[in-house]
Amino acid sequence: MANAAVKELKEAKKPRWKDLNLSDDALIEMYKKMLTIRRFEERAAQEYGKGKIGGFCHLYIGQEAVGVGAISALREDDYIFTAYRDHGQAIARGMDVKPAMAELFGKATGCSSGIGGSMHFFDAERHFMGGYGIVGGHPPLAAGTAFATKYQGKDSVTICFFGEASSNQGVFHETLNMAMLWKLPVIFICENNWYGMGTAIERASAGGDLYDKAAGYHMDRAAVDGMDVVATYRAVTEAVQRARANSTPTMLEARTYRFRGHSMSDPGTYRSKDEVEEYKKSDPIVTFGAELIAFGIMTQEKIDALDAEIKQSVQEAVDFADNSPEPPLDMLHKNVYA
Amino acid sequence: MATLQIREALNQAMCEEMERDQNVFIMGEEVAQYNGAYKVTQGMLKKFGDKRVIDTPITEAGFAGIGIGAAMVGLRPIVEMMTWNFAILAFDQIMNNAAKLHYMSAGQFKIPIVFRGPNGPAHMLGAQHSQALESMLAHVPGLIVMTPSNPYDAKGLMKSAIRSDNPVIFLESELMYGQKGEVPDEEYLIPIGKGDVKRAGADVTIIAWTKMVAVALQAADELAKEGISAEVIDPRTIRPLDEDLILESVRKTNRCVIVEDSWPFASVGTEIAHRIHTKAFDDLDAPVEKINAADIPMPYANNLEQEALPNAAKVVAAVKKVLYR
Ligand SMILES: Cc1ncc(C[n+]2csc(CCOP(=O)(O)OP(=O)(O)O)c2C)c(N)n1
Ligand SMILES: [Mg+2]
């Protein structure tokens, strides 16, 4: 949130989360989750450079407010699906950084036992239903868990994250249609970071605002500032309430930006340095930290101490991953069938 | 002779054919402004403009179908699939439309289209990005399936693919794009359905394509040290298959090992082994052996991935088995 606006709210002694039932601890927890994701991924990039991590590794840096804001609005019995850019949502859901880092290292102690890798984090216990590698492949699965909870008479909801470029796939539209037709309690959160790999949104998507893709299905829809964790929390909370009370789907477009390349081998020539720098000015962690300080919920000292604590936990995660064993060779043929 | 990478050889083939025939164009994800996810289309946008070098949204089924429709009325599209893992979304278009239109219309429509991109396991990409799909594609009557193992073959096969009046599936490899080899300056085409002897030998025939040719050649080097002379055959076109070349070699060596990095069940190797067993039964001194990738979705961890993939040692062991050594 812009500094001037924060100042105004402060003078009116009115934090904008006043009506949201968010305790100071809950706000600090959101900040901590965002910073943990940031530090975890900065370190992952370094370890990738050292050859400790292989394959594709898509960083969430810059987009932390979307995952944390949205997932903080959920209950434990709700479900989460996302694409291959999945480290952030897993951590937002409470996955420890140790099994997360170990998965990147391809170790037996990873959240998918080293079988999945960066793109395929899973944590069934936390209802983190996975990261998926095929663009547009997972939204119907999210509608499927929503179908199941409704079928079972539960009031759980499902959240599905996906990139804006995925919204061009046919199966995405098939899913929206059925979600609306069958009134499924699912919330589609399009993370619009404006690029699918090197292709800017206007070169890939016809039409106007992205959230309006849901208009043809008469689905509730809105755009939200995805660089703002509180705004995201608010929008998702409202969508979750609708889903729980009336079993209706919602499509949210979270406008955000990835500060790093698409994956680790991206020269980034498709966007200007200025553009990246401009977005960095609304870094979701920096702005939220400043707001928490402005309202006396955090101090700079507390933030520094928290940062040091997080960096230490990430260091421990790297050591843990390093010292963990590789998956045993007898894992090779395990789990092909249940 | 020029020394080219496979990506450059493919690029040359496509550029030459686009210069030769205005109906040839290319489309796919990131092929134009980004110059290709694996740089196979480097410089093509600059050379031919955005009418003929076209970036698509991430909509594999859609642009595959648009290509097929354009081919029905005389264009000759090259459709790049960023990888064949993603082309799975387009299998309906490829199998139900491209492969069948000529037949269903009793020959009224031709579908001169090339679907090309990398296929097979790369390195540590995990289950959804590491699959060799040639047997699924070669299963379909109406499709031609090609897969080059060096720059010379890549260029010659690609030119034939573009000039073919049939849908061609062209399977490349992420890990091989940088591989170098000599390519003649003058024009040449490699006929569809013509295999190649990559190394002559007398004691055993090893059949392999794409990435597995290098593995077979490495195994042949190892075997030579032990006095075993292996012949390495690369069919280059999987469908139609150069059966004559394969049978001729097996009739000479009396033993055969097939190497593929696809799954073993109903693989291309299964078909080749069947043909050898039925057509050269009396010439065989041992049943044909097959080395495949493990029969599992590909795991991410490096140690498991290495264990799952064919390698020279596994090929050497299979050769010794058919030689009863
Ligand atoms: C079906 C399919 N096609 C292509 C790819 C290759 N690919 C991976 S991510 C990506 C871009 C996706 O962009 P977007 O949906 O906006 O998500 P973002 O990466 O920006 O988070 C592409 C083309 C893929 N994984 N799956
Ligand atoms: Mg995007």
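User: How many residues of chain A are in contact with how many residues of chain B?
Analyst: Happy to start there; this is a predicted model, where local features need pLDDT of at least 70 and side-chain atom pairs count only at pLDDT 80 or more, while totals for chains, interfaces and linings use all residues. Residues are numbered from 1 along each chain as its sequence is written, chains are lettered from A and ligands numbered from 1 in the order in which they are written, and side-chain values use heavy atoms, with hydrogens and water left out. Taking contact as heavy atoms within 4.5 Å, the count is 39 residues of chain A and 30 residues of chain B.

User: Which side chains meet in a salt bridge?
Analyst: A salt bridge here is a side-chain nitrogen of Lys or Arg within 4 Å of a carboxyl oxygen of Asp or Glu. Between chain A and chain B the count is one. At 2.9 Å, N to O, the partners are R203(A) and D55(B).

User: Where does ligand 1 lie, and which residues come nearest?
Analyst: Ligand 1 sits between chains A and B. Around ligand 1 are 22 residues, counted as near if one of their heavy atoms lies within 4 Å. Those that come nearest are Y84(A), R85(A), G133(A), S166(A) and E60(B).

User: What ipTM and pTM does the predictor give the complex?
Analyst: For chain B, the mean pLDDT (the predictor's confidence in each residue, from 0 to 100) is 98, and 100% of its residues reach 70 or more. For the complex, the predictor gives an ipTM of 0.96 and a pTM of 0.97.
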